[in-house]
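Trainee: Please choose a single part of this model and take me through it slowly, strand by strand, before you turn to the rest. I would also like each term explained when it is first used.

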Amino acid sequence: MSTGAGAGEGMFADIPVDVGVVYEGERVRKQQMHAEFGGPNIGEKYEILEVKAPGEVEDGRIEVIGPDLPGIPEGASLPFGTEIAVSGKGVEPDMAGVMERRIHDFSNWIEGYMHLNQRDAIWLRVDKRSVKKGLTLRHVGTVLARLLKSAIPLIEAVSVTFITDPAEVGRRIGRARAIFEERDARTRGMTDDDVGVFFGCTLCQSFAPSHVCVITPQRYANCGAISWMDGRAASRVDPKGPIFEIAKGDCVDATTGEYTGVNAVVKEKSLGSVERVQLYSAFGYPHTSCGCFECTTFSVPECDALGIVHREFRGTTPTGLSFGAIADSTAGGRQVDGFHGLSFEYMRSPRFLAASGGWNRIVWLPSELKERMKGIIPAELYDAIATEKDVNSVGELLGFLKEHHHPAAARVKAAEAAAAPASDNPGKEESRPVVSAGQNTVTIPGGSVSLTLKNVKIHAERMILRKKQE
């Protein structure tokens, strides 16, 4: 496959900006942008690729419904839709999700065109400099069409439609979401034991070099866009591509979901940065996170529990951190105890964080996410999980958990009981249990020097309290 070319060269001679893998990972900051589409402040945005029958797709047709880039005011944020149709004699409908994920990959080859996320969570920014060079959405569509045909020779025809008219985006998004749901439902009911292989994905390594996504029937890709069936289709079309088969190997631990074959492939694809992965644990050797995950867990060490926050939540969690702050600690292919990127579909899985207590370990969700997971969260836990409407701090959260008899409340009471002797006898040396919690940065103060340790794991058998001598 061609790696693209500069403006005026090769297969992109008619594109006014450079196109190539060198631009993967490029960021367009707010002060640089001409316009942005979607993102956390825009409710209606989506991208979808559909497979049509041969003859139904007009090859090379690029359409923009609404204003194109030159007609959009500088600094604007707009709803956005991308609809791509492909056809070819060997192209099957179950390949749609995998080809759709390549939109993210190929969009980022375009100079000054930043693409994040997938499905109805997309966020795009276009650099002022690229617009001044003449870049339009029609050019973007042309690049995507050519790269899709180059990467997947089975594709014979591609058409691309961009929608920037807010009303039209609103009319079309419901159909796209219905198709996403239909795709997701295909793998529900399958188990990891039903299959002999898993699949891996390295599409996000331009943003997270040590991240390797492991996709199983019971663990959807972090981005929420690729299922086990999608992985199977992709590996058949392009066996040497970024989505590939993983032989499971021997099962090291069925509860945590650790396999020798998975460990070997992850170590190879991460260039040795990650040696072990436990697919169903948020602690120990948790699955790495990219930057496209739909949600992330965060640690609440005061009750040895976890909260979950999704990308669209604009507030702060009880720990005082926003989604963005938590994502910064989670992303990049790191393994951080208690901080774990995941998809909405994985939250539906019977093996969701199974080794870490599953839903019994979850104590806080944004109200929108809690409503979305209604029917998935065990009925006896639903009212016991707090939201931003119930609590604003860890202290309030602990009270809520005790009042609603959440399983984590027992751990809160145990910690309080352990602390009581020290408070009753302040001069006595006491040994207290310490809750193990992942920390991305730990600062150790000292007289004139403080040490800051990053990406560390600290476990303390006990903590000694002594009364300060005057």
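Mentor: Let us begin with strand β11 (residues 197-201), which pairs with β13 in the antiparallel sense over five bridges. Strands here are DSSP runs of E with at least two residues, helices are DSSP runs of H or I with at least four residues, and both are numbered from the N terminus; two strands pair if DSSP finds at least two bridges between them. Before going further, bear in mind that this is a predicted model, in which local features need pLDDT of at least 70 and side-chain atom pairs count only at pLDDT 80 or more, while totals for chains, interfaces and linings use all residues. Residues are numbered from 1 along each chain as its sequence is written, and side-chain values use heavy atoms, with hydrogens and water left out.

Within the pairing of β11 and β13, Phe198 stands opposite Ile246 of β13. These strands belong to an open sheet of three strands in the order β12-β11-β13, with antiparallel pairing. Because β12 (213-215) and β13 (243-247) stand at the edges, each with a single partner strand, one side of each is left without a neighbour in the sheet. From one strand to the next, the twist in this sheet averages 35 degrees, where axes are lines fitted to C-alpha atoms, for helices over the stretch in contact, and angles between N-to-C directions run from 0 to 180 degrees. Helix α6 (residues 260-269) lies across β11, β12 and β13, and it runs at about 140 degrees to β13.

A second sheet can be read in a similar way. This open sheet of four strands has the order β18-β16-β17-β19, and its pairing is mixed. Here β18 (341-342) and β19 (362-364) are at the edges with a single partner strand each, so one side of each is left without a neighbour in the sheet. Strand β17 (residues 305-310) is joined to β19 by two bridges, and these strands run parallel; Leu306 has Ile362 as its bridge partner in β19. Helix α7 packs on this sheet, touching β16 (295-300), β17 and β18, and its direction makes about 90 degrees with that of β16; contact means heavy atoms within 4.5 Å.

That helix leads us to the open spaces. On a 1 Å grid over the protein atoms alone, a cavity is a set of points where a 1.4 Å probe fits but cannot get out, a pocket is an open set with protein on both sides within 12 Å along at least five of seven lines, and lining residues have an atom within 4 Å of a point. Grid points are joined across faces, edges and corners, and a volume is the space filled by probe spheres set on the points. The largest pocket has a volume of about 590 Å³, and of its 26 lining residues, Arg27, Leu116, Trp123, Arg311 and Asp328 lie nearest its centre. Two or more lining residues come from each of β8 (113-116), β9 (123-127) and α7 (323-330), and α7 gives the most, with four residues.

There are also three cavities of 30 Å³ or more. The largest cavity has a volume of about 130 Å³; it is lined by 13 residues, of which Val98, Arg102, Ile152, Ala234 and Asp238 are the closest to its centre. Both α1 (96-107) and α5 (228-237) supply at least two residues of that lining. The second largest cavity holds about 70 Å³ of space, and its lining includes Cys201, Cys204, His211, Cys213, Cys223 and Cys290.

Finally, look at Glu83, which lies in strand β7 (residues 80-87). Leaving aside neighbours within four places in sequence, Glu83 is in contact with several residues, among them Ile48, Ser159 and Val160.
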